[in-house]
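Me: I'm new to reading protein models and would like a close look at one part of this one: the place where the ligand sits. Could you walk me through it, and then show me how the rest is laid out around it?

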Amino acid sequence: MTSNLAYDVQKIRADFPILSREVYGKPLVFLDSAASAQKPRQVISAMVDVMENDYANVHRGAHYLSQVATDHFESAREKVARFINATEDEVIFTRGGTESMNLVASCFGQAHLKGGDQVVTSVMEHHANIVPWQMLEGSKGIEVLFVPVDERGVLDMAAFEALLGPKVKLVSLAHVSNVLGTVNPVEDIIALAHSKGIPVMLDGCQGITHGSVDVKALDVDFYVFSGHKLYGPSGIGVLYGKKGLLNSMPPYQGGGDMIETVTLEGTTFKEAPHRFEAGTPAIVEAIGLGAAIDYVSEVGMDAIAAHETLLLEQAMAKLSAIEGMQLIGTAPNKVSVLSFNVEGIHPLDIATVLDRQGVAVRVGQHCAEPLIKAMGYEATVRASFGMYNTLEEVDKLVAGVEKAKKMFGA
Ligand SMILES: Cc1ncc(COP(=O)(O)O)c(C=O)c1O
């Protein structure tokens with residue numbers, strides 16, 4: 001196996017138990033990490049360990065185990081805060097990126113949006129950054145504006161700037177596209193929006209996994225991501241928000257743990273983060289996310305990014321040599337998410353042939369139907385590479401596509 005990578009990938013692979021399994025009698029080649037990444041033993045063990053030894057509800061009991069569980073849970077929040085250079089009171093645990101964005105749409109919407117206001121998002125967004133705003137169009141009469149993308153999958157920055165009129169109250173854009181791999185120029189986006197007094201939310205569900213994120217350096221107002229794409233468990237996500245902004249918003253849900261006092265006449269609420277965390281949180285999952293952050297931090301986000309870039313470059317070079325190959329998303333600044341089609345072959349046929357070779361890819365619209373249509377397709381095949389993939393696996397992807405071409409090609 002190859003060793004001229006940013007780190008010893010075989011050592012990394014040994015930490016991920018699932019990667020040694022076979023499918024259809026072939027070694028698993030998992031190229032669907034953008035949908036959900038696999039988990040290292042360190043994450044699995046941290047979760048099992050807390051359930052076997054330290055489990056109780058958090059923030060409630062005066063008893064020993066509740067204190068220990070609360071310490072683990074709050075230490076996970078501390079790890080998230082350190083990972084993105086935030087403070088702990090700016091880190092809210094949610095169920096995932098989708099819930100984080102719905103929380104902002106709902107709570108920022110209640111506090112700061114009225115009929116006629118505009119929210120700017122883009123054509124390249126995941127549905128989770130489109131639908132919550134469209135729901136506010138229905139309920140509040142706001143208007144959603146979409147920044148277009150060009151044929152390479154690059155955001156049209158001139159159009160973005162032109163959209164930033166006086167009615168725009170929020171910009172909400174992907175840090176990285178889950179279909180194209182495009183890394184958006186988020187520093188420029190934030191500077192432009194801030195120059196007009198408009199806050200910015202970044203959907204970091206893909207951005208967080210492919211390099212370091214510093215919310216303070218970015219000066220971003222909200223940043224959201226999911227635990228399960230960052231080698232942690234599902235059921236846990238993060239909403240980072242600037243403290244003042246968070247505390248200017250009403251709670252998302254009512255219940256235990258988010259109140260100061262409740263009387264029959266009314267309730268007062270805690271400050272962030274607790275005001276947004278009603279009820280028993282995903283205790284074990286938060287601790288698992290903390291362990292995932294420890295894991296990727298130890299390997300190093302820059303090393304992970306360098307490793308994945310090598311895989312991406314090799315995959316793009318080899319796939320583009322295949323006749324009829326249509327690479328979808330060729331932005332100059334791009335991470336290891338690779339959408340493609342082969343002329344004359346249905347993407348589902350390609351994905352099925354790959355699957356039978358043990359190569360797991362995603363096929364379809366990737367929860368980004370407007371983008372797929374804007375790029376001129378009905379569906380694409382998407383291979384996404386994570387920290388544990390190898391150059392040999394890139395070759396298996398290419399061989400699988402060639403096999404599909406032989407079977408289905410004209
Ligand atoms: C860019 C982007 N935004 C949002 C989401 C939604 O994340 P989740 O399903 O974890 O809530 C995804 C998941 O694919 C994504 O890739």
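Reply: One term before we start: the domain bounds I'll use come from an automatic or database domain assignment. That assignment gives domain 1, made of residues 9-30 + 300-408, and domain 2, residues 44-298. Keep in mind that this is a predicted model.

Now to the ligand. Which residues surround the ligand? They are G97, T98, M101, H126, N178, D203, C205, Q206, S226, H228 and K229. If you sort this shell by class, you get two nonpolar, seven polar and two charged residues. Try finding helix α4 on your screen, which runs over residues 97-112. This helix gives the largest share of the shell, three residues.

Next, zoom in on the ligand's oxygen atoms. How far is a polar side-chain atom of S226 from an oxygen atom of the ligand? The distance is 2.6 Å. Q206 does something similar: an N or O atom in its side chain is 2.7 Å from a ligand oxygen. H126 also takes part, with a polar side-chain atom 3.4 Å from an oxygen atom of the ligand. As for how much of the ligand is hidden, on its own it has 390 Å² of accessible area, and the protein covers 88% of that.

Okay, let's zoom back out to the two domains. Taken over C-alpha atoms, the centres of domain 1 and domain 2 are 28 Å apart. Where they touch, domain 1 puts in 35 residues and domain 2 puts in 33 residues. About 2600 Å² is buried between the two domains, and carbon and sulfur atoms give 63% of this area.

Finally, here are a couple of backbone details to hunt for. Most residues other than glycine have a negative phi, and most peptide bonds are trans. With that in mind, take a look at N85, whose phi is positive, near 60°. You'll find N85 in the loop that links α3 (64-84) and β4 (91-94). Then there's the peptide bond from A272 to P273: is it cis or trans? That bond is cis, with omega near 5°. P273 itself sits in a loop too, between β12 (267-269) and α10 (283-299).

Conventions. Residues are numbered from 1 along each chain as its sequence is written. This is a predicted model: local features need pLDDT of at least 70, side-chain atom pairs count only at pLDDT 80 or more; totals for chains, interfaces and linings use all residues. Side-chain values use heavy atoms; hydrogens and water are left out. A residue is near a molecule or strand if one of its heavy atoms lies within 4 Å of it. A polar contact is a pair of N or O atoms within 3.5 Å; within protein, one must be able to donate a hydrogen and the other to accept it, and residues adjacent in sequence count only if both atoms are side-chain atoms. Accessible areas come from the Shrake-Rupley method with a 1.4 Å probe; for residues, only the protein chains shown count as cover. Helices (H or I, at least four residues) and strands (E, at least two) are DSSP runs, numbered from the N terminus. Ala, Val, Leu, Ile, Met, Phe, Trp, Tyr, Cys and Pro count as nonpolar, Asp, Glu, Lys and Arg as charged, and the others, Gly among them, as polar. Contact means heavy atoms within 4.5 Å. Buried area is the accessible area (1.4 Å probe) that two parts lose on being put together, summed over both.
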